[in-house]
Structure formats: C-alpha cells, structure tokens
Amino acid sequence: MALIRVEHLDKSFASRHGSISIMRDISFEVKDSDFVAIVGPSGCGKSTLLRLIQGLDHPTAGSIFFQDQKVEAVCPQMAMVFQSFALYPWLTVAQNVAFGLEALRWAPERIASQVERYISVTGLDGFQEAYPRELSGGMRQRVGLARALAVEPAVLLMDEPFSALDPLTAESLREEVLQLWRDPQLPPDAVLLVSHNIEEAIQLADRVIVLSRRPGQILAQVEVDLPRPRDRKSTAFYDLTDRVYSLITEGGTVFAPRTRPAEGIPPAG
C-alpha cells in the first residue's frame with residue numbers, strides 16, 4: 001500500500017485576468033522507505049504540490065490519499081521542513097521543537113521527553129534555551145528538522161530545505177537527513193523533497209520526479225539506481241544529472257548547459 005497517492009491533480013488560482021493553471025494532471029505514489037525528489041523550473045508548482053499533499057491547500061481537481069484515506073485537511077502523519085526555517089522568534093529552541101506536540105495535546109512529561117530526544121538526534125544539545133536569532137542558519141534548520149521529527153511523521157516533506165545554507169552546512173545536513181531516513185528506529189518512513197538543485201536531488205533520492213514549466217506536468221520519473229554514498233564525480237552520476245537537465249531544458253526552461261567537470265574539480269552545487 002502506498003503511503004501517499006496523488007491522482008490526476010490540478011491546481012489553478014483565480015486572478016483579475018482569469019484562472020491561472022499552476023499544475024495539471026499530476027499522478028504519482030510514495031511508498032514506505034521511499035526517498036523521492038521533485039525538481040523543475042521556478043513557478044512549476046513544486047512547493048504548492050507539497051502544500052496540497054499535506055492538506056494545507058486544496059486541489060482544483062484530482063485527489064490525494066494518505067494510506068488510502070483521502071486528504072481533506074492537514075494530515076498529522078506528515079510534517080514539513082521549510083526553506084525559510086519558519087521558527088517562532090519569541091520561542092526558545094526547546095519551545096519551538098515542542099510547539100507541534102503541544103498542538104497535539106500531549107502530556108507535558110511526554111513532550112519534555114520527546115523534545116529532549118530530538119534535540120539530541122539533531123545535534124542541538126546545549127542550545128535548548130537559545131533563541132533563533134542567536135543561531136546560525138544551519139542550526140536554525142536543525143531546529144526546524146527537530147520540530148518536524150518530534151511528531152514522528154510517517155512522511156517528511158522538505159521544501160528546498162538546504163537552499164538558504166552555505167555549501168558546507170548544506171552538505172552536512174543532507175548527510176544527516178539520509179542517516180535519519182535510513183535508521184529504522186527513527187521517523188520518517190519516507191521523504192518527499194522539493195529541490196531546485198538537480199545534483200542534490202540525485203545525491204539524496206532514489207527517484208526524481210521531473211516537472212515541466214507552468215502548468216507543471218510530469219515529464220518523467222527517473223530512477224536513481226546508484227550505490228550510496230554517491231560519488232558526484234562518477235560518470236554514472238554525471239549521466240543521470242545530464243539526463244534530468246535535458247528533460248527540464250526540453251520542457252522549456254532556461255537552465256545553463258551542463259558541462260562535464262574537469263578532472264579533479266567537483267561539479268558545482
């Protein structure tokens with residue numbers, strides 16, 4: 001049984017000039033243990049798609065199912081990590097992590113135990129009483145990740161979570177997310193990642209869904225059958241990256257041509 005099933009999804013918005021179609025006829029599944037990435041040009045509806053899947057917004061047509069139950073409101077079995085961190089600046093690290101648990105009306109003792117666990121899991125020990133303004137971007141994103149994981153979601157939704165970080169911090173957090181996903185003792189069961197970075201998508205995911213320019217439609221679902229850890233300088237990695245770039249380019253976007261890196265020089269991204 002699929003954890004998430006998206007069937008013939010359309011989304012449009014009304015404007016003064018008429019209806020604007022954001023995406024059209026989107027269908028795919030996310031199963032247990034999947035790590036799926038969604039890529040495509042700016043404006044194709046990637047972030048909107050995540051919001052629809054979690055139940056934060058509603059489709060114009062089509063349906064979304066979580067464990068065969070139609071998603072018609074916010075789904076508590078999914079949690080989101082945002083690009084902009086989306087932390088409450090007046091709350092401490094511990095209070096931010098606890099926020100979702102309090103909304104679920106957990107007992108205070110259970111909340112305290114869960115907050116302590118996921119602060120430790122995400123490397124935030126010693127920062128419990130710090131405020132977001134006192135943290136680096138990487139640490140703030142760790143708080144966002146801890147808050148999402150604390151509710152122990154079946155599916156972790158990630159909306160360009162590394163794009164606001166410096167390259168070294170982003171790489172460190174990518175590896176930590178992979179470790180969490182692969183640990184059977186920790187949530188989530190599956191990850192759905194939106195990224196504008198094609199190399200990042202291929203590094204992390206086992207399947208990459210490629211969307212066209214607006215209105216977003218699925219151009220292809222590319223299987224990433226590469227051993228982990230993945231070598232960005234390998235021919236196989238390069239060929240998959242080039243394939244996805246080519247798909248998006250043929251879909252009408254303006255990505256710069258992909259060039260093979262010189263010997264000994266890692267590719268950008």
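**Exercise 1.** In this predicted model, classify Arg228 as buried, partly exposed or exposed, and identify the residue with which Arg228 forms a salt bridge.

*Solution.* Begin with accessibility: the value for Arg228 is 23%, and because buried means under 20% and exposed over 50%, Arg228 counts as partly exposed. Next, take the partner, which is Asp206, with the closest N and O atoms 2.9 Å apart; the two residues are 22 apart, Asp206 lying in the loop between α6 (198–204) and β9 (207–211) and Arg228 in the loop between β10 and α7. Finally, Asp206 has a relative accessible area of 25% and is likewise partly exposed.

**Exercise 2.** Determine which parts of the chain are joined by the salt bridge between Arg232 and Glu171, and state which residues belong to the network that includes this pair.

*Solution.* The closest N and O atoms of Arg232 and Glu171 are 3.6 Å apart. Arg232 sits in the loop between β10 (218–223) and α7 (235–250), whereas Glu171 belongs to helix α5 (residues 167–182), so the contact ties together parts separated by 61 residues in sequence. As for accessibility, Arg232 is buried at 16%, while Glu171 is partly exposed at 28%. The network of salt bridges links Glu171, Arg174, Glu199, Glu200 and Arg232.

**Exercise 3.** Decide whether Lys11 is buried or exposed, and locate its salt-bridge partner.

*Solution.* With a relative accessibility of 7%, Lys11 counts as buried. Its partner is Asp57, at 3.4 Å between the closest N and O atoms; Lys11 is in strand β1 (residues 4–15) and Asp57 in the loop between α1 (46–54) and β4 (61–66), 46 residues apart.

Notes. Residues are numbered from 1 along each chain as its sequence is written. This is a predicted model: local features need pLDDT of at least 70, side-chain atom pairs count only at pLDDT 80 or more; totals for chains, interfaces and linings use all residues. Side-chain values use heavy atoms; hydrogens and water are left out. A salt bridge is a side-chain nitrogen of Lys or Arg within 4 Å of a carboxyl oxygen of Asp or Glu. Helices (H or I, at least four residues) and strands (E, at least two) are DSSP runs, numbered from the N terminus. Buried means under 20% relative accessible area, exposed over 50%, partly exposed in between (1.4 Å probe, protein chains only).
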